[in-house]
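Student: I would like to work through this structure step by step. Could you take my questions in turn and show the reasoning each time?

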Amino acid sequence: MRSILVCMMIAFASCAEAHDAPSGWSYEPFCCNGDNETGDCQMIPPKSVAVTPQGYRVTLLPGDHRLVTHAHIFLLPMGKAMRSGDGDYHLCLFPNEDTPRCFYAPQMGY
């Protein structure tokens, strides 16, 4: 019985693999759903991100992310940003375009 449970857990974990960013690094499995064509994680234009004392202000328009159909402004705390694997900004929207699930930002050097 225990071996059946272990096999089921392994099978479930393999289904929860993350898809890759265009540059080849993988988004966290918690953050993404889908694949490179239909997934909810995507690189966003640097012009859509402003660093403010309150955190990141992300302004998205249709075309900035495959799921966005109308203008959005998200205020995301600095402490919640994950490190980008390629030096670009990436945003995962789930379960809909109104909900940022994960935000990836380049490492900032001071």
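## Sheet, core and contacts

Student: In β7, what is the bridge partner of Arg 83?
Tutor: This is a predicted model. β5 runs parallel to strand β7, residues 100-105, and 2 bridges join them. In β7, Arg 83 is bridged to Ala 105.

Student: What is the order of the strands in the open sheet?
Tutor: The sheet has 4 strands and mixed pairing. β1 (41-44) and β5 (82-83) each have a single partner strand, so they stand at the edges, with one side of each left without a neighbour in the sheet. The order is β1-β6-β7-β5.

Student: How many bridges join β1 to β6?
Tutor: The two strands run antiparallel. One bridge partner pair is Gln 42 with Leu 91 in β6. The number of bridges joining β1 to β6 is 4.

Student: How many residues lie between β6 and β7 in their hairpin?
Tutor: β6 and β7 pair in the antiparallel sense over 4 bridges. His 90 has Tyr 104 as its bridge partner in β7. The hairpin they form has a connection of 6 residues.

Student: Which residue is joined to Phe 94 by a cis peptide bond?
Tutor: Look in the loop between β6 and β7, where the residue in question has its place. Omega is about 10° at this bond. The residue joined to Phe 94 is Pro 95.

Student: How many residues of strand β6 are buried?
Tutor: Take the two faces separately. Tyr 89, Leu 91 and Leu 93 are buried on one side, and His 90 and Cys 92 on the other. Strand β6, residues 89-93, is therefore largely enclosed by the rest of the structure. The count of buried residues is 5 of the 5.

Student: Which side chain of opposite charge is nearest to Asp 40?
Tutor: Asp 40 sits in the loop between α1 (2-15) and β1. Asp 40 is buried and has no salt bridge. Its contacts, not counting residues up to four places away in sequence, include His 19, Cys 31, His 65 and Leu 91. The nearest side chain of opposite charge is 5.6 Å away, and belongs to Arg 101.

Student: Which residue forms a salt bridge with Lys 47?
Tutor: The count of salt bridges comes to 1. This pair links distant parts of the chain, 17 residues apart: Lys 47 is in the loop between β1 and β2 (49-52), and its partner is in the loop between β3 and β4 (72-76). The closest N and O atoms are 3.7 Å apart, and the partner is Asp 64.

Student: Is Asp 64 buried or exposed?
Tutor: Start with the other end of the pair. Lys 47 has 67% relative accessibility and counts as exposed. Asp 64 has 9% relative accessibility, and the cut-off for buried is under 20%. Asp 64 therefore counts as buried.

Student: How many aromatic pairs does a search of the whole structure find, and what is the plane angle for Tyr 27 and Tyr 104?
Tutor: The search finds 6 aromatic pairs. The ring centres of Tyr 27 and Tyr 104 are 5.5 Å apart, and the pair is tilted because the planes are at 55°.

Student: How far apart in sequence are the parts that Tyr 27 and Tyr 104 tie together?
Tutor: Tyr 27 lies in the loop between α1 and β1, and Tyr 104 in strand β7. Both Tyr 27 and Tyr 104 are buried. Ring pairs also link these two with Trp 25 into a cluster. The parts tied together are 77 residues apart in sequence.

Student: What is the geometry of the pair Tyr 56 and Tyr 89?
Tutor: Tyr 56 lies in strand β3 (residues 55-60) and Tyr 89 in strand β6, so the pair ties together parts 33 residues apart in sequence. Both Tyr 56 and Tyr 89 are buried. Their ring centres are 6.3 Å apart and their planes at 70°, so the pair is edge-to-face.

Student: What share of the residues in the protein chain is buried?
Tutor: The chain has 1 helix and 7 strands. About 7,000 Å² is exposed, with 61% of it supplied by carbon and sulfur atoms. Of the 110 residues, the buried share is 33%.

Note on methods. Residues are numbered from 1 along each chain as its sequence is written. This is a predicted model: local features need pLDDT of at least 70, side-chain atom pairs count only at pLDDT 80 or more; totals for chains, interfaces and linings use all residues. Side-chain values use heavy atoms; hydrogens and water are left out. Two strands pair if DSSP finds at least two bridges between them. Buried means under 20% relative accessible area, exposed over 50%, partly exposed in between (1.4 Å probe, protein chains only). Lys and Arg count as positive and Asp and Glu as negative; His and the chain ends are not counted. A salt bridge is a side-chain nitrogen of Lys or Arg within 4 Å of a carboxyl oxygen of Asp or Glu. Contact means heavy atoms within 4.5 Å. Accessible areas come from the Shrake-Rupley method with a 1.4 Å probe; for residues, only the protein chains shown count as cover. Rings of Phe, Tyr and Trp (its six-membered ring) pair if their centres lie within 6.5 Å; planes under 30 degrees apart count as stacked, over 60 as edge-to-face and the rest as tilted.
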